[in-house]
Amino acid sequence: MYVDSHCHLAFPELAGDIDGVLARMAAAGVGHALSVCTRLEEFEPIHALALRDERIFASVGVHPDTGGTEEPTVRRLVELAARPRVIAVGETGLDYYRLPEPLDWQRDRFRVHIRAAREAGKPLIIHTRAAAADTLRIMREERAGEVGGVMHCFTESLEVAREAIDMGFFVSFSGILTFKNARELQAVARALPLGQLLIETDAPYLAPVPYRGRTNEPAFVIHVAEKLAELQGTSTDRIEAATTGNFSRCFNLLKS
């Protein structure tokens, strides 16, 4: 079955119909989803859903451009990462798209997450937007490769992808891959080894074609898989098997 490696089931667009979301996910052949934390205040409902439904995994972290939230510490992140069904630290990273410098606070927050992931022994979920050089630099400086993880909703260059893979990270593609104007990203997906790729929705955002403009949900990840199969010149069955296995390797689920 398919895995949605990154969605936000605690966001109001999905949380209000969570039983319907899960039913449609199952009907589409999506067996598991990782519900990703973007602020510590939403961790408890994310974790509660993961405990309630074995198809759902949880992460803990604070999104790089989230303000007005409890600031994470290494100790707090490690404590929450130790809970059952929590398989990753993040989402974290750098996002310079909307925010002006100085952004030292954002870079410091990223470092806190990497240090927590290394202490907890959990992989990282990394978001980078308009900040690839600094993202990779901090990953190297903080030894993020010791735990690995995923570059989520990837939209950067082939060179950035290869450097992340060299550090032991996977690269995850979202519904953006299906957009007609995403030719450069499609070329990246075509060039990368399938053994390092994941698929995701980033729901409730970035719904793939043919649902672009609608509220996204885990059931729609199959359309990302279909586009990736087309680009890689392979079958959807192979994409399904590879990305599901990659998810297990990325998040150390084969050890449990």
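**Salt bridges, sheet and overall build**

At 28% relative accessibility, Arg137 counts as partly exposed, on a scale where buried means under 20% relative accessible area, exposed means over 50%, and partly exposed is whatever falls in between (1.4 Å probe, protein chains only). The structure is a predicted model, so local features need pLDDT of at least 70 and side-chain atom pairs count only at pLDDT 80 or more, while totals for chains, interfaces and linings use all residues. Residues are numbered from 1 along each chain as its sequence is written, and side-chain values use heavy atoms, with hydrogens and water left out.

Arg137 has a partner: its side chain meets that of Glu141 in a salt bridge, at 3.3 Å from N to O. A salt bridge here is a side-chain nitrogen of Lys or Arg within 4 Å of a carboxyl oxygen of Asp or Glu. Glu141 is partly exposed too, with a relative accessible area of 42%. Both residues sit in helix 6 (residues 132-141), and because they are four residues apart, about one helical turn separates them. Helices (H or I, at least four residues) and strands (E, at least two) are DSSP runs, numbered from the N terminus.

This pair belongs to a network of salt bridges that links Glu101, Asp104, Arg107, Arg111, Arg115, Asp134, Arg137, Glu141 and Glu142. Within that network, Glu101 forms a salt bridge with Arg107, and their closest N and O atoms are 3.1 Å apart. The two ends of this bridge are covered to unlike degrees: Glu101 is partly exposed at 49% relative accessibility, whereas Arg107 is buried at 13%.

A search of the whole structure turns up 20 salt bridges. One of them joins the side chains of Asp19 and Arg52, with 3.0 Å from N to O. Asp19 lies in helix 2 (residues 18-27) and Arg52 in helix 3, so this pair ties together parts that are 33 residues apart in sequence. Both partners are out on show, with Asp19 exposed at a relative accessible area of 54% and Arg52 exposed at 52%.

Now for the sheet. The protein chain has ten helices and eight strands, and the eight strands form an open sheet in the order 1-2-3-4-5-6-7-8, with parallel pairing. At the edges are strand 1 (2-7) and strand 8 (197-199), each of which pairs on one side only. Neighbouring strands of this sheet are turned by 30° against each other on average, direction ignored. Helix 3 (residues 43-52) packs on the sheet and touches strand 2 (30-35), strand 3 (56-60) and strand 4 (86-95), while its direction makes about 155° with that of strand 3. Contact means heavy atoms within 4.5 Å, and the axes are lines fitted to C-alpha atoms, for helices over the stretch in contact, with angles running from 0 to 180 degrees between N-to-C directions. Further along, helix 5 (residues 104-120) lies across strand 4 and strand 5 (124-129), running at about 160° to strand 4.

Two strands count as paired if DSSP finds at least two bridges between them. Strand 1 and strand 2 run parallel and are joined by four bridges; Asp4 has Ala33 in strand 2 as its bridge partner. Strand 2 also pairs with strand 3 in the parallel sense, over three bridges, and here Ser35 stands opposite Ala58 in strand 3. Five of the six residues of strand 2 are buried, so the strand is largely enclosed by the rest of the structure. Strand 6 (residues 149-151) and strand 7 (residues 169-173) are another parallel pair with three bridges, and Met151 faces Val171 of strand 7 there.

Glu70 gives a look at a loop, since its place is between strand 3 and helix 4 (74-81). Glu70 is partly exposed at 36% relative accessibility. Leaving aside neighbours within four places in sequence, Glu70 is in contact with Leu40, Glu41, Val62 and Arg76. Its C-alpha atom is separated by 7.4 Å from that of Arg39, which is 31 residues away along the chain.

As for the whole chain, a compact globule of 256 residues would have a radius of gyration near 18 Å, and the 17 Å of the protein chain agrees with that. This radius is taken over C-alpha atoms, and the globule rule is 2.2 Å times the number of residues to the power 0.38. Buried residues make up 59% of the 256. Among contacts between residues at least 6 apart in sequence, 73% join residues at least 24 apart.
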